Amino acid sequence: MYVKVSMDGAPYLRKIDLRVYNNYPELLKALEAMFKCTIGVYSEREGYSGSDNAPTYEDKDGDWMLVGDVPWNMFVTSCRRLRIMKESEAKGLGCL
């Protein structure tokens, strides 16, 4: 299950296989290393804190959601692409 990954302001895209990761923390750590950025810590109440970046994904219905909003297995089957947005642009998604 390869999906495209982009980051606002980065001049390149990546592709990753979501099946390589077992959970959200593993995925987020890999994205931080890939784009040399900090994503922060997710909480259901506050979204992502500790960073100006918020990881989002497009699901199979074309809706953009925060990474972490649904259980991991559901995310892996519904994710079509990932985008690391500036937190200010992610307002209105989930808790941000």
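Q: Exposed means over 50% relative accessible area, buried means under 20%, and partly exposed is in between. So how does Arg 19 count, buried or exposed?

A: Arg 19 counts as exposed, at 58% relative accessibility. Keep in mind that this is a predicted model.

Q: Which side chain does Arg 19 meet in a salt bridge?

A: That of Asp 17, with N to O at 3.1 Å. Asp 17 sits on the other side of the cut-offs: it is buried, with a relative accessible area of 13%.

Q: Where is the place of Asp 17?

A: Asp 17 is in strand 2. Its side chain also reaches the backbone nitrogen of Arg 19, at 3.1 Å.

Q: Leaving aside neighbours within four places in sequence, what is Asp 17 in contact with?

A: Met 1 and Tyr 2, once those neighbours are set aside.

Q: How many salt bridges does a search of the whole structure find?

A: Three. Another one pairs Arg 83 with Asp 8, whose closest N and O atoms are 2.8 Å apart. That pair links distant parts of the chain, 75 residues apart. Arg 83 is in strand 7 (residues 81-86), and Asp 8 is in the loop between strand 1 (2-7) and strand 2 (14-17).

Q: Is Asp 8 buried or exposed?

A: Buried, at 17% relative accessible area. Arg 83 is partly exposed, at 24%.

Q: And which side chain meets Glu 58 in a salt bridge?

A: Arg 81, at 2.6 Å from N to O. Glu 58 lies in strand 5 and Arg 81 in strand 7, so this salt bridge ties together parts that are 23 residues apart in sequence. Glu 58 counts as buried, at 16% relative accessibility. Arg 81 is partly exposed, with a relative accessible area of 39%.

Q: Next up, Asp 59. Where is its place?

A: In the loop between strand 5 (53-58) and strand 6 (64-66).

Q: Which is the nearest side chain of opposite charge to Asp 59?

A: Arg 80, and it is 7.8 Å away. A salt bridge needs the nitrogen and carboxyl oxygen within 4 Å. Asp 59 has no salt bridge, yet it is buried.

Q: What does the side chain of Asp 59 reach, then?

A: The backbone nitrogen of Asp 61, at 3.0 Å.

Q: Leaving aside its neighbours within four places in sequence, which residues is Asp 59 in contact with?

A: Met 65, Ser 78 and Arg 80. So Arg 80 does touch Asp 59: contact means heavy atoms within 4.5 Å, and the pair is in contact without a salt bridge on Asp 59.

Q: Changing topic. How many disulfides does a search of the whole structure find?

A: Zero.

Q: Why no bond for Cys 37?

A: Because the closest cysteine sulfur, in Cys 79, is 16 Å from the sulfur of Cys 37, too far for a bond. The cut-off for a disulfide is 2.5 Å. Cys 79 is likewise in no disulfide, with Cys 37 holding the nearest cysteine sulfur.

Q: Is Cys 79 buried or exposed?

A: Buried, with a relative accessible area of 1%. Cys 37 also counts as buried, at 13% relative accessibility.

Q: Back to the backbone. What is phi of Lys 36 near?

A: Near 50°, a positive value in a residue other than glycine. Most residues other than glycine have a negative phi.

Q: Where is Lys 36 found?

A: In the loop between helix 1 (24-35) and strand 3 (41-43). Lys 36 is exposed, at 75% relative accessible area.

Q: And Tyr 48, where does it lie?

A: In strand 4 (residues 47-49). Tyr 48 counts as buried, at 3% relative accessibility. Its C-alpha atom is separated by 9.4 Å from that of Val 67, which is 19 residues apart from it along the chain.

Q: Last one. Which feature does UniProt place at residues 1-87?

A: The record, an unreviewed entry, gives "domain: PB1" there. Over residues 1-87 the chain is 22% helix and 36% strand. The end C-alpha atoms of that stretch are 27 Å apart.

Note on methods: Residues numbered from 1 in each chain as written. Predicted model: local features only at pLDDT ≥ 70, side-chain atom pairs only at ≥ 80, totals over all residues. Heavy atoms only, no water. Helix = DSSP H or I, 4+ residues; strand = E, 2+ residues; numbered from the N terminus. Buried < 20%, exposed > 50% of the residue type's maximum accessible area, 1.4 Å probe, protein only. Lys, Arg positive; Asp, Glu negative; His and termini not counted. Polar contact = N/O pair within 3.5 Å; in protein donor to acceptor, adjacent residues only side chain to side chain. UniProt positions renumbered as here; feature names shortened; annotations may be inferred.
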